[in-house]
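Me: I'm new to reading protein structures, and I'd like to take a close look at a single part of this one. Could you walk me through it in a friendly way?

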Amino acid sequence: MTQQQYISNLHDSFVNFINYMLTLATELIMLPQATDYDRREFDKVKLMLKGNDSKSIEKELSDGIFSRSTLDKIEKLYKDLTDFGLEHIHESEIWKMFVKQMCYSNIETRKKDALVRLEGIKM
């Protein structure tokens with residue numbers, strides 16, 4: 001696999017993650033057990049997902065830029081989302097679902113990335 005293919009795959013994975021998490025946040029606030037507080041806090045999650053950091057990461061990857069700085073931004077965003085979810089996890093089952101699905105999404109993405117790399121090695 002070439003470096004450009006890897007960056008392209010990373011871009012696609014990142015965009016898919018952001019879109020999945022936005023959809024998940026929207027679906028969770030529509031649940032009957034979601035409180036007004038939950039809705040406000042999920043709006044903060046959506047702001048993180050659509051914020052400047054996320055836009056910067058997506059732009060760098062779409063431009064084919066892949067640097068330590070890009071990786072640091074991705075790591076920070078994922079950690080910020082995780083920390084935010086964990087800070088709320090004791091409040092309701094909705095936040096447990098959010099954190100669980102975020103973790104599962106990352107696990108599934110890492111598996112897909114590994115499979116793509118393995119396919120590249122077989123060539």
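Me: In which helix do Asp 36 and Arg 39 both lie, and how many residues apart are they? Please start there and then lead me on to the other charged pairs.

Reply: Happy to! Keep in mind that this is a predicted model. Asp 36 and Arg 39 are both found in helix 2, three residues apart, which is about one turn of the helix. Their side chains meet in a salt bridge, with N to O at 3.5 Å. How open is each partner? Asp 36 has a relative accessible area of 54%, so it is exposed, because the cut-off for exposed is over 50%. Arg 39, at 30% relative accessibility, counts as partly exposed.

This pair has company, since a search of the whole structure finds eight salt bridges. Another one joins Lys 79 and Glu 75, whose side chains meet at 2.9 Å, N to O. Here, too, both partners belong to one helix: Lys 79 and Glu 75 lie in helix 4, four residues apart, about one turn of the helix. Lys 79 is partly exposed, with a relative accessible area of 48%, and Glu 75 is partly exposed at 39%.

Now for a pair that links two helices. Glu 60 forms a salt bridge with Lys 73, and their closest N and O atoms are 2.5 Å apart. Glu 60 lies in helix 3 and Lys 73 in helix 4, so this pair ties together parts that are 13 residues apart in sequence. Glu 60 has a relative accessible area of 15%, so it counts as buried, because buried means under 20%. Lys 73 is partly exposed, with a value of 25%. Leaving out residues up to four places away in sequence, Glu 60 touches Ile 65 and Thr 70 as well as Lys 73.

To finish, let's move from charged pairs to nonpolar residues. In soluble globular proteins, nonpolar side chains tend to be buried together. In this model, the largest nonpolar core has 27 residues, and those with the most contacts inside it are Phe 42, Val 45 and Phe 98. Helix 1, helix 2, helix 3, helix 4 and helix 5 each supply at least two residues of this core, and helix 1 gives the most, with eleven. For a closer view, try Phe 98: beyond its neighbours within four places in sequence, its contacts include Met 21, Leu 24, Phe 42, Val 45 and Leu 81.

Methods:
Residues are numbered from 1 along each chain as its sequence is written. This is a predicted model: local features need pLDDT of at least 70, side-chain atom pairs count only at pLDDT 80 or more; totals for chains, interfaces and linings use all residues. Side-chain values use heavy atoms; hydrogens and water are left out. Contact means heavy atoms within 4.5 Å. A nonpolar core is a set of buried Ala, Val, Leu, Ile, Met, Phe, Trp, Tyr and Cys residues joined through side-chain atoms within 4.5 Å. Buried means under 20% relative accessible area, exposed over 50%, partly exposed in between (1.4 Å probe, protein chains only). A salt bridge is a side-chain nitrogen of Lys or Arg within 4 Å of a carboxyl oxygen of Asp or Glu.
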